[in-house]
Amino acid sequence: MAGESDLERKIETARLAVQNASAWVSGTVKLSSQNLHMFYLNKANDAHFLNLSTATSTQLDVLTAACDAATFGRADEDVLDGSYRKAHKMDTEKFSSKFSLEASHILPTVLPQLLVGFGKNDGREVEAELYKLNIYGEGGFFRAHKDTPRSSKMFGSLVVVFPTPHTGGHLVLRKNGEEFTFKSDQLPSSRDEIAYIAFFSDVEHEVLPVTSGHRITLTYNLYHADSDKSTKTSRLNLDNHDITPLKNALSDLVNDPKFMPNGGYIGFGLRYDYPVVPNKTRFSEFLDLLKGEDLMVQKACEALGLEVSIRGALDEANSYERTHQALVDHAVDLSARSQVDVEEGDGSWAVIINGAERVAQVGPGAGDWNLKEDKDREHVLWVTPLEEDGGYKMNYIAYGNQAELEYRYVRPCLVAKLRR
Ligand SMILES: O=C(O)CCC(=O)C(=O)O
Ligand SMILES: [Fe+2]
């Protein structure tokens, strides 16, 4: 039907209007030499002083000897395995660096680019927690991993690379089919300049082998700080992240009477993973704290006056074509499973999860536009697709930078209610 292909084109336009936002931001900063001073304790607890802008290779070997071999997280265990991570680390109790994140002004530069609409008075605040000092000597590396979430408020990681002579040790990041190589060995132009990169912690990243010298980094975890929720949302400054094309494309759909004539949900598979406590975290916590283009989707829907909620989408096990989902409002722990079972009882099907809302998919790819047999379900049209399995799977992350005990990553979806 001509009308249908017109609608399909409008849906495709909306899908393509979900623009790319940055998942990482990098740069360099010049520091006064004093900011590159550090004190540390060696294994015998003797205090040492080091100036990282002048340190010799021998002095850096002495620092390395004061460190421990770095472990990483494989599921719920911390493991030492030189074939996955070959590096040294020092915990924060053992050193004091004169590098001041505040004085470096890295966060005020990075956050407006990484956090959509971040700015003065938008009500969001960020806390950075120093995590570790890492040293990669010649041959040192850290294979692909995601940074283990330590709280549902943790969204990012920041790596600061000191200007100690080294070659190699590039940090490669990958997300949604994009790749970026952060060449910390080539960035600083002098030994009083540091290189930094901030990225969303669920972005997969790896440190390629260092080919000479010492690559020394500080890592920070970035958290949304608790702030007054009432000041949030409407104050976001979206100037640098134009949501107009998406807003217009969605408005075209909503104003088309042939589009979801009985109402329902306009759905979006999201692009990032979020840290949750299984069986506890409510997805509504992430409203306004979504990352990158996920937040742009929320803001575009809200700008049209649509009521938005964040849910987990689970395919129903009896839905061979993936046309039926259960939308859950909290982080249901299905461990390694991504489907939800339904059971038959007095002629109807029941979902075995409290608070789940059963939906039927409509639109291109879902067969019939008007699923007549699904009158009892809210319809959903996925503008951006759910990943395979809804992306919901709540596994331990295979490789993290520490063991994962309480928090897991999950990929939620966003649905906007369309009332007709
Ligand atoms: O040192 C780096 O560049 C990155 C380290 C890292 O990815 C981590 O500690 O999780
Ligand atoms: Fe990492």
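Q: Before we get going, when do two strands count as a pair here?
A: Two strands pair if DSSP finds at least two bridges between them. Keep in mind that this is a predicted model.

Q: Fine. So how many bridges link E5 and E29, and in which sense do they pair?
A: There are 2 bridges between strand E5, residues 72–74, and E29, and the pairing is antiparallel. That meets the cut-off, because at least two bridges are needed.

Q: Which residue does Arg-74 face over there?
A: Arg-74 stands opposite Tyr-399 in E29.

Q: And what sheet does E5 belong to?
A: An open one of 3 strands, in the order E6-E5-E29, with antiparallel pairing. Its edge strands are E6 (77–79) and E29 (399–400), each of which pairs on one side only.

Q: Switching to E8, what does that strand pair with?
A: E8, residues 88–91, runs antiparallel to E4, residues 68–69, with 2 bridges joining them. E8 is also joined to E10, residues 125–136, by 4 bridges, and that pairing is antiparallel too.

Q: Which residues stand opposite each other there?
A: Ala-69 stands opposite His-88 in E8, and Asp-91 stands opposite Lys-132 in E10.

Q: OK, new topic: where does ligand 1 sit?
A: In the largest pocket.

Q: What surrounds ligand 1?
A: The residues around ligand 1 include Arg-85, Tyr-136, Phe-142, His-145, Asp-147 and Val-159. Also among them are His-205, Val-207, Arg-215, Thr-217, Thr-219 and Asn-401.

Q: How does that shell split by class?
A: It has 4 nonpolar, 5 polar and 3 charged residues.

Q: Which side chains have polar atoms by the ligand's oxygens, and at what distance?
A: His-145 has a polar side-chain atom 3.1 Å from an oxygen atom of ligand 1. For Asp-147, a polar side-chain atom lies 3.0 Å from a ligand oxygen. Thr-217 has a side-chain N or O atom that is 3.0 Å from an oxygen atom of ligand 1.

Q: How much of the ligand's accessible area does the protein cover?
A: On its own, ligand 1 has 290 Å² of accessible area, and the protein covers 99% of that.

Q: Which strands supply at least two residues of the shell?
A: Strands E11 (141–145), E17 (204–207) and E19 (215–225) each do.

Q: And which one gives the most?
A: E19, with 3 residues.

Q: Last one: in a regular strand, how are the side chains arranged?
A: They alternate between the two faces of the sheet.

Methods:
Residues are numbered from 1 along each chain as its sequence is written. Chains are lettered from A and ligands numbered from 1 in the order in which they are written. This is a predicted model: local features need pLDDT of at least 70, side-chain atom pairs count only at pLDDT 80 or more; totals for chains, interfaces and linings use all residues. Side-chain values use heavy atoms; hydrogens and water are left out. A residue is near a molecule or strand if one of its heavy atoms lies within 4 Å of it. A polar contact is a pair of N or O atoms within 3.5 Å; within protein, one must be able to donate a hydrogen and the other to accept it, and residues adjacent in sequence count only if both atoms are side-chain atoms. Accessible areas come from the Shrake-Rupley method with a 1.4 Å probe; for residues, only the protein chains shown count as cover. On a 1 Å grid over the protein atoms alone, a cavity is a set of points where a 1.4 Å probe fits but cannot get out, and a pocket is an open set with protein on both sides within 12 Å along at least five of seven lines; lining residues have an atom within 4 Å of a point. A molecule sits in a cavity or pocket if more than half of its atoms lie within 2 Å of its grid points. Ala, Val, Leu, Ile, Met, Phe, Trp, Tyr, Cys and Pro count as nonpolar, Asp, Glu, Lys and Arg as charged, and the others, Gly among them, as polar.
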